[in-house]
Amino acid sequence: MNIKQLEVLRTLLATGSTIATAKAMGLSQSGVSRLLAQLESDLALTLFARDKGRLIPTPEATILARDAENVLLAVDRMSGHAEDLRNGASGPETVRIGLPSSMWENFAPAMLLDYIAAFPGVRIETFFETTTAINKLVEERTIDLGFLRMEGEVGPGIVVDKVASGQSVCVIPKGHPLAELEEVTPKHLRNVPLILIGRQRPNRMALDQAFKRAGVKQLVKIETHTNSSACSYVAHGLGVTIISSFYANLYRHLPVVHRPFVPRSTQEFGLARAGGVPLSIAAQALSDALKKQILLSQNSE
């Protein structure tokens, strides 16, 4: 027994003839007769009496037609729901994503603008955390996706796909004498107020070592914990900072300039998800929206 047979039963009851049923369903008359015969054989019941070319429904056909109608309605609902999932009209109640704190101000809203228009039935929950915290949230499956800096080991059962990279840059207020340089070294920053982030993190420790090797004592004016606050402090003339170009590019609207910092170092960023668990259509679309916004944020001038 299959869906097409049930559709034949329903249409035959409505039209009363194989000719009209064939026309309504876009089938041949012989095709309709064959499907009806198969259904009667599968059910081991006679559904229509044949009388001089006419089909007269049996009481059993009338009873089973109600079941057929319920099945076909359920199939229609399922097909409609599947279409809504494909088109973004509905989906999982909530898709959860973890992002670094520095991405809340401009990046996240820009990422979500087109996504929400395409997936109006999906609720988004954003978590702004450190790389360590995002890694843990993915591991615990609290979130579906997590954008993080690729440093050290990730938790078990986590897959991380590289989606971006950056180079260390010095972020300088516009009009500052250092802005005249093509690149900045620790020696250029002697006695220059510094705004530094990530104390005790691998990248910060590598930066501290670069100053030590150059014989330059850092003049740390402000310790902070987000790239966004560091760039904002620079924009207000409180000092200069050294961060990844990936984050610096998110704040090009501020009155600051970027210069490569030497010794050069590269940072890689990835999108983490639970391994062995396919993303829902809605979560995959959010992953694609994030990647699209990365390209826009890093390439626009």
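Biologist: Which residue just after H2 takes a positive phi?

Modeller: That residue is Gly 26, whose phi is about 70 degrees. Please note that this is a predicted model, in which local features need pLDDT of at least 70 and side-chain atom pairs count only at pLDDT 80 or more, while totals for chains, interfaces and linings use all residues. Residues are numbered from 1 along each chain as its sequence is written, and side-chain values use heavy atoms, with hydrogens and water left out. Names such as H2 refer to DSSP runs, numbered from the N terminus: helices are H or I with at least four residues, strands are E with at least two.

Biologist: How should one read the sides of a helix, and which residues of H2 are buried?

Modeller: An α-helix has 3.6 residues a turn, so residues three or four places apart point the same way. In H2, residues 18–25, the buried ones are Thr 18, Thr 21, Ala 22 and Met 25. Their arc around the axis is only 100 degrees, which places them on the same side of H2. (Buried means under 20% relative accessible area, exposed over 50%, partly exposed in between, with a 1.4 Å probe and protein chains only; the arc is that of the directions from the helix axis to the C-beta atoms.) Ile 19, Lys 23 and Ala 24 are exposed on the face turned away from that buried side.

Biologist: What covers the buried residues of H2?

Modeller: The cover includes helix H1 (3–15), helix H3 (29–43) and strand S2 (54–57), where contact means heavy atoms within 4.5 Å.

Biologist: Which residues of H5 are buried, and which are exposed on its other side?

Modeller: In H5, residues 107–118, Phe 107, Ala 108, Met 111, Leu 112 and Tyr 115 are buried. They lie on the same side of H5, because they cover an arc of only 95 degrees around the axis. Leu 113, Asp 114 and Ala 117 are exposed on the other side. The buried residues of H5 pack against S3, S4 and helix H10 (281–299).

Biologist: How many residues of S5 are buried?

Modeller: The count is 5 of the 5, so S5 is largely enclosed by the rest of the structure. Leu 145, Phe 147 and Arg 149 point one way from S5, whereas Gly 146 and Leu 148 point the other way.

Biologist: Which strands does S5 pair with, and do they run parallel or antiparallel?

Modeller: Two strands pair if DSSP finds at least two bridges between them. S3 and S5 run parallel and are joined by 2 bridges; Gly 98 stands opposite Gly 146 in S5. S5 and S11 run antiparallel, with 4 bridges, and Arg 149 has Phe 269 in S11 as its bridge partner.

Biologist: What volume does the largest pocket have, and which residues lie nearest its centre?

Modeller: Its volume is about 740 Å³. Of the 34 lining residues, Arg 149, Ile 197, Gly 198, Asn 203 and Asn 227 lie nearest the centre. (A pocket is an open set of points on a 1 Å grid over the protein atoms alone, where a 1.4 Å probe fits, with protein on both sides within 12 Å along at least five of seven lines; lining residues have an atom within 4 Å of a point. Grid points are joined across faces, edges and corners, and a volume is the space filled by probe spheres set on the points.) H7 gives the most to this lining, with 6 residues.
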